[in-house]
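User: I am new to this structure and would be grateful for a close look at a single part of it, namely the interior and the cysteines found there. Please give one connected account.

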Amino acid sequence: MFETSLLRNKRILVTGGGSGLGAAMGHRFLTLGAELVICGRKRDRLEATAGEMREETGGKVMTIACDLRDGAAVEAMMDAIWREAPIDILVNNAAATFIAQSEQLSFRAADAILAPTLHGAMYCTLAAGRRWIEDKHGGVVLSILSTSTITGRAFTVPSAMAKSALLAMTKSLAVEWGPKGIRTVAIAPGPFPTAGASGQLRPEGRDEAWTARNPLGRTGEHSELADLASFLVSDRAGYVNGEMVVIDGGAHLRSSGAEDLLRWTDAQWAEQRAARSKG
């Protein structure tokens, strides 16, 4: 579908790049000629993923452990990256969420979602943007959001709030930073099953419900999201700025994705809370 040189000479940082959709996007970027930096909290996972990527693609992959909830740690990470070379593209992929009755959320539980999803992405964006502007270096910020930015979503309220705030950031910085050669774009994926999300968002039985509600009758393939991300960060999409592209098979036109949870019993919610506390 794409020329193998589409992302040649592009250095890309993917947050949460050690697994799931972040790893899928990173792998695709490498096959298109990019140089990759992946960050996350678990160094062992990053190194294992990077090793697989290097073996499969022959590409250059740098890993850096960072707690994105800590603004000072983000600045230190960016300094370390820039000492080798500036990045050209930032992909804000790292996030946290789980289903919960909103009235049951503690301050700590809400912050556990808002801190990496909203604050971490904002810290990374501002840190990269500041350096690009100081260096007169163009750049692209791609943020992975959610269709909850369109529909809202019950039972994942902190995540819906964080993703909506990042959409506002995407639109606002498109105007502020566009004249400086920096584009900001976003993707709103529908259900793209990953090992990490399944336990938190789709306990047994929910995958089937999501598939049944989707007009295309299926969930997304990681390669489909990775291809869309590759186009949006490439120079071929150089006139796309401040926009969010939805990739969900049309699911958000039929449902917010939370309606089945309205029928859950107190016992089901108690079971889910217990499972989360064990995890």
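Analyst:
**Cysteines and the buried interior**

By the distance rule applied to this predicted model, the count of disulfides comes to zero. A disulfide is a covalent bond that joins the sulfur atoms of two cysteines. In the case of cysteine 66, the closest cysteine sulfur belongs to cysteine 39 and is 5.8 Å away, which is too far for a bond, since a disulfide requires the two sulfur atoms to be within 2.5 Å. Cysteine 124 is likewise in no disulfide, and its nearest cysteine sulfur, that of cysteine 39, is 5.8 Å away.

Both of these cysteines can also be described by their burial. Cysteine 66 has a relative accessibility of 6% and therefore counts as buried, because the limit is under 20%. Cysteine 124 is buried as well, its relative accessible area being 0%.

The account now turns to the nonpolar interior. The largest nonpolar core has 34 residues, and Leu13, Met77, Met78 and Ile81 are those with the most contacts inside it. At least two residues of this core come from each of the following: strand E2 (35-40), strand E3 (61-65), helix H3 (71-84), helix H4 (107-135), helix H6 (157-177) and strand E6. Helix H4 gives the most to this core, with seven residues.

Leucine 13 illustrates the packing. Leaving aside residues up to four places away in sequence, leucine 13 touches Val37, Cys39, Met77, Met78, Ile81, Ile87, Ile89, Leu90 and Val91. Apart from this core lies another, of 33 residues, which include Phe29, Leu30, Leu46 and Leu142.

Phenylalanine 98 offers a view of a loop, for its place is between strand E4 and helix H4. With a relative accessibility of 11%, phenylalanine 98 counts as buried. Its C-alpha atom is separated by 10.0 Å from that of alanine 112, which is 14 residues apart from it along the chain.

Helix H9 may be considered last. This helix comprises twelve residues (222-233), which at 1.5 Å a residue should span 16 Å; the C-alpha atoms at its ends are 17 Å apart, which agrees. The buried residues of H9 are Leu225, Ala226, Asp227, Leu228, Ala229, Ser230, Leu232 and Val233. Among the elements that cover these buried residues are helix H1 (20-31) and the strands E4 (89-92), E5 (139-144), E6 (182-189) and E7 (244-247).

Terms used. Residues numbered from 1 in each chain as written. Predicted model: local features only at pLDDT ≥ 70, side-chain atom pairs only at ≥ 80, totals over all residues. Heavy atoms only, no water. Helix = DSSP H or I, 4+ residues; strand = E, 2+ residues; numbered from the N terminus. Expected span 1.5 Å × (residues − 1). Buried < 20%, exposed > 50% of the residue type's maximum accessible area, 1.4 Å probe, protein only. Contact = heavy atoms within 4.5 Å. Core = buried A, V, L, I, M, F, W, Y, C linked by side-chain atoms within 4.5 Å.
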